[in-house]
Amino acid sequence: MSESTPKQRIGVLTSGGDAPGMNAAIRAITLAADHYGLEVIAFSHGYEGLLEKTYTLLKPSDVQHILQYSGTIIKSARSPRFKEIESAQLAARNLAELDVSALIVIGGDGSFRGAHHLSQHWDGQIIGVPGTIDNDVYGTDATIGYSTAVAIAMDALDKIRDTADAMDRVFIVEVMGRNAGFIGLKSAMAAGAERMILPELQRDKPLTIDVIVKHIKRVEDVRGPGSYVMVLSEHQWPGGAVALSEQLEAEYRMPCRPCLLGHIQRGGPPTATDRVLASELGVYAVELVLAGANGVMTATRAGQLTTVPFIDTWSKKNLLPENLLRIQHEIFNPVKKSRQRHG
Ligand code: ADP
Ligand code: F6P
């Protein structure tokens, strides 16, 4: 390439709920682009940046020492107006004006729907990088941010156990996950929680308060007085952990306390797993651009790099690992012999 040849320009944005490791992905994309002689233009606040033309050029010096921080240096956002056809058309015009030939979208399945929507009006390449704590994206072993969220929830559950055990209390710890129970299941197992209330399990047969009370009493009968820690996924009980805890105290006289982890699950230092996953997928995204790929999300499956068509990321379902559910429900916290779940 001669000195005067302008560099190919690739865009990057982070969209939806921020996830620990997004910064590591931004760093990886910037370093890989520099390595291959590409220029990176980062749009701020997700798809809003495409609409508002708010962007900055990223050089390797801009991404030094960012991978150890959660959040995203280029900001993330939800952009409801991006769903309109006119928005995709405006974004396409702006990308053309800025001479962007490829766009890397770091986000969850909603963000990939947005990418698909844009692709109906823009002929540049679009590559996705899965970044969400929820792990609810089909086709990848894990999304960036999931490992950190689980580690944070596990750490909180361990702390709760100390005080719960000291006072023989029931604790209900509410975790994130939007409509997916991955954080709930994995943190519950990692911390030895006695019960999980997860969206996937609630759909078939929602738990009743009587079933919960029976289980608490049964655990007490078997193990003697002590603590009982329940992991509750958000939106799975009317009024959440606070209401459920109040109900158990008022109606059943159980010593019960709620604990809401909320957005703490999205902050602090990302785990090594998330940093490395984000680094690998970020570099891969740039290499896919160079290889001419389009309309796919980067992923790992059984530890190998692979791609997933955007449409599959939201139309197919990432299922909870059956074996972990079986172990939790049949071996670690059995209810009744005849019924293996919710009983
Ligand atoms: P996530 O990417 O974490 O799943 P959201 O579901 O909030 O997060 O989606 C992030 C953004 O992606 C939305 O705010 C919107 O800008 C865009 N988006 C989501 N769904 C669509 C859609 N059907 N059409 C166009 N854009 C969408
Ligand atoms: O999608 C990531 C996530 O953290 C979900 O687990 C949660 O339901 C949601 O975002 C919270 O969204 P917000 O940050 O807009 O409150």
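Which domains does the shell around ligand 2 draw at least three residues from? Keep that in mind as you click through this predicted model.

**Stop 1: the two domains.** Start by colouring the protein by its domain assignment: domain 1 is 9-145 + 270-315, and domain 2 is 146-267. If you drop a marker on the C-alpha centre of each, you'll find the two markers 34 Å apart. Now bring up the contacts across the boundary, where 19 residues of domain 1 touch 14 residues of domain 2.

**Stop 2: ligand 2 and its shell.** Next, select ligand 2 and show what surrounds it: Arg78, Thr132, Ile133, Asp134, Met176, Gly177, Arg178, Glu234, His263 and Arg266. With your domain colours still on, the opening question answers itself: domain 1 (9-145 + 270-315) and domain 2 (146-267) each give at least three residues to this shell. Switch to colouring by residue type and the shell splits into five charged, three polar and two nonpolar residues.

**Stop 3: polar contacts of ligand 2.** Zoom in on the oxygen atoms of ligand 2. Pick Glu234 and look for a polar side-chain atom 2.5 Å from a ligand 2 oxygen. Then go to Arg78, where a side-chain N or O atom is 2.6 Å from an oxygen of ligand 2. Finish with His263, whose side chain places an N or O atom 2.9 Å from a ligand 2 oxygen. Taken alone, ligand 2 has 390 Å² of accessible area, and the protein covers 77% of that.

**Stop 4: ligand 1.** Hop over to ligand 1 and select its surroundings. There are 16 residues around it, and the ones that come nearest are Arg78, Ser79, Gly108, Ser111 and Arg178. Arg78 and Arg178 should look familiar, since they were also on the list around ligand 2.

What does an oxygen atom of ligand 1 find 2.9 Å away? Select Gly108 with its main chain shown: the partner is a polar backbone atom of that glycine. Step along to Asp109, where the partner is a side-chain N or O atom, 3.3 Å from a ligand 1 oxygen. At Gly110 you're back on the main chain, with a polar backbone atom 3.0 Å from an oxygen of ligand 1. On its own, ligand 1 has 550 Å² of accessible area, of which the protein covers 85%.

**Stop 5: the pocket.** Last, hide both ligands and put a surface on the protein. The space that ligand 2 takes up is the largest pocket, and ligand 1 sits in the largest pocket too.

Note on methods. Residues are numbered from 1 along each chain as its sequence is written. Chains are lettered from A and ligands numbered from 1 in the order in which they are written. This is a predicted model: local features need pLDDT of at least 70, side-chain atom pairs count only at pLDDT 80 or more; totals for chains, interfaces and linings use all residues. Side-chain values use heavy atoms; hydrogens and water are left out. A residue is near a molecule or strand if one of its heavy atoms lies within 4 Å of it. A polar contact is a pair of N or O atoms within 3.5 Å; within protein, one must be able to donate a hydrogen and the other to accept it, and residues adjacent in sequence count only if both atoms are side-chain atoms. Accessible areas come from the Shrake-Rupley method with a 1.4 Å probe; for residues, only the protein chains shown count as cover. On a 1 Å grid over the protein atoms alone, a cavity is a set of points where a 1.4 Å probe fits but cannot get out, and a pocket is an open set with protein on both sides within 12 Å along at least five of seven lines; lining residues have an atom within 4 Å of a point. A molecule sits in a cavity or pocket if more than half of its atoms lie within 2 Å of its grid points. Ala, Val, Leu, Ile, Met, Phe, Trp, Tyr, Cys and Pro count as nonpolar, Asp, Glu, Lys and Arg as charged, and the others, Gly among them, as polar. Domain bounds come from an automatic or database domain assignment. Contact means heavy atoms within 4.5 Å.
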